[in-house]
Amino acid sequence: MNPNQGQNQNQQGQQMPQNMVNKNHGGHELFDAHEVIASLINMLDQYQMYAQHIQDPELQSIQQRQHAFVTQMYNTIVQSFSTGQDPAQETQQYKMQQSNEVVYGIKPGQPKKPNQSVNELADKGLSAYMLGQTKSLATLLSMTALEMTNPVLRRVVADSVPNFIEMSYEIFLYQNKHGYYQVPQLQQQDMNQMLQSYTTAPQGNMPH
């Protein structure tokens, strides 16, 4: 018998997982991490359903690239959560492929209303669902990172926030380019007035 085996067994003699021996997470952190991981699974599942209805090849490309990236992110978070150690693959940086030029102004269109059947699903709505999920995850991961006690998991979760911000911006730009997400502006006079509402403060020597 392995002399160290008894260290990993409970009173009933059942083998305990190694990550249960090392208590490297706080209770609140565990609940938050479960919510993050479940939300990532939900996004990945939803993206697979969207793929069946997307018509625009450009939106299909965004869906596929984001799904692949979040799958990798999911694996990284699960590994760091399960072990409390550095994951096998470090967090990556998502790079969008949209031009960051925004179209400003509002054009008249038909009033919106809920779909009456799945057959009415279109790229406009599907891209909006995608944007809603990436924005929600950016918020959720930000709040979760503030509550982490394990330094590795905290870093992995925090490093993932900019990626969801970038994915959200990519979908917004796609929607804006196609007129799905229109951006109103103030009149030039009002905009100038608001832009000139603040001035810089005198900056003293930084404390050492």
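I take contact to mean heavy atoms within 4.5 Å, and I use this first for Gln 63, whose partners I looked up below.

**Entry 1: ground rules.** This is a predicted model, so marked in my notes because local features need pLDDT of at least 70 and side-chain atom pairs count only at pLDDT 80 or more, whereas totals for chains, interfaces and linings use all residues. I number residues from 1 along each chain as its sequence is written, and side-chain values use heavy atoms, with hydrogens and water left out.

**Entry 2: overall make-up.** I found six helices and zero strands in the protein, where helices (H or I, at least four residues) and strands (E, at least two) are DSSP runs numbered from the N terminus. Read from the N terminus on, the elements follow one another as α-α-α-α-α-α. Of the 208 residues, 31% are buried, by which I mean under 20% relative accessible area, with exposed over 50% and partly exposed in between (1.4 Å probe, protein chains only). The protein exposes about 14100 Å², and carbon and sulfur atoms supply 52% of this area, computed by the Shrake-Rupley method with a 1.4 Å probe. When I took the contacts between residues at least 6 apart in sequence, 77% of them turned out to join residues at least 24 apart.

**Entry 3: Gln 63.** I placed Gln 63 in helix α3, which covers residues 57-83. Gln 63 has a relative accessible area of 6% and is therefore buried. Once its neighbours within four places in sequence are left aside, Gln 63 is in contact with Tyr 47, Gln 48, Ala 51, Ile 54 and Met 130. One of these partners, Tyr 47, came up again when I turned to the rings, since Tyr 47, Tyr 50 and Tyr 129 form one aromatic cluster.

**Entry 4: aromatic pairs.** I count a pair when ring centres of Phe, Tyr and Trp (its six-membered ring) lie within 6.5 Å, with planes under 30 degrees apart stacked, over 60 edge-to-face and the rest tilted. The count by this rule is six aromatic pairs. Tyr 50 and Tyr 129 have ring centres 5.9 Å apart and planes at 45 degrees, so I entered the pair as tilted. This pair links distant parts of the chain, because Tyr 50 belongs to helix α2 (residues 27-51) and Tyr 129 to helix α4 (residues 123-145), the two being 79 residues apart. I noted that Tyr 50, at 9% relative accessibility, counts as buried, whereas Tyr 129, with a relative accessible area of 33%, is partly exposed.

For Tyr 169 and Phe 172 I read ring centres 6.0 Å apart and planes at 20 degrees, so this pair is stacked. Both lie in helix α5 (residues 151-177), and because they are three residues apart there, about one helical turn separates them. Here Tyr 169 is partly exposed, with a relative accessible area of 32%, while Phe 172 is buried at 15%.

**Entry 5: Tyr 180.** I located Tyr 180 in the loop between α5 and α6 (188-195), where this residue is partly exposed, with a relative accessible area of 26%. Tyr 180 and Ala 128 are 52 residues apart in sequence, yet their separation in space is 8.5 Å, C-alpha to C-alpha. With its neighbours within four places in sequence left aside, Tyr 180 is in contact with Asp 123, Lys 124, Ser 127, Tyr 174 and Gln 175. Lys 124, named among these contacts, returns in the next entry as a pocket residue.

**Entry 6: the largest pocket.** I define a pocket on a 1 Å grid over the protein atoms alone, as an open set of points with protein on both sides within 12 Å along at least five of seven lines; a cavity is a set where a 1.4 Å probe fits but cannot get out, and lining residues have an atom within 4 Å of a point. The largest pocket holds about 310 Å³ of space. It is lined by 15 residues, and those closest to its centre are Lys 112, Lys 113, Asn 115, Lys 124 and Gly 125. Helix α4 gives the largest share of this lining, four residues. I sorted the pocket lining into seven nonpolar, four polar and four charged residues, with Ala, Val, Leu, Ile, Met, Phe, Trp, Tyr, Cys and Pro as nonpolar, Asp, Glu, Lys and Arg as charged, and the others, Gly among them, as polar.

**Entry 7: the cavity.** I found one cavity of 30 Å³ or more, and the largest cavity holds about 70 Å³, a volume being the space filled by probe spheres set on grid points joined across faces, edges and corners. Its lining consists of Phe 69, Gln 72, Met 73, Thr 76, Glu 90, Thr 91, Gln 92, Ser 160 and Asn 163. The elements that give two or more residues to this lining are α3 and α5, and the largest share, four residues, comes from α3. By class, I recorded two nonpolar, six polar and one charged residue around the largest cavity.
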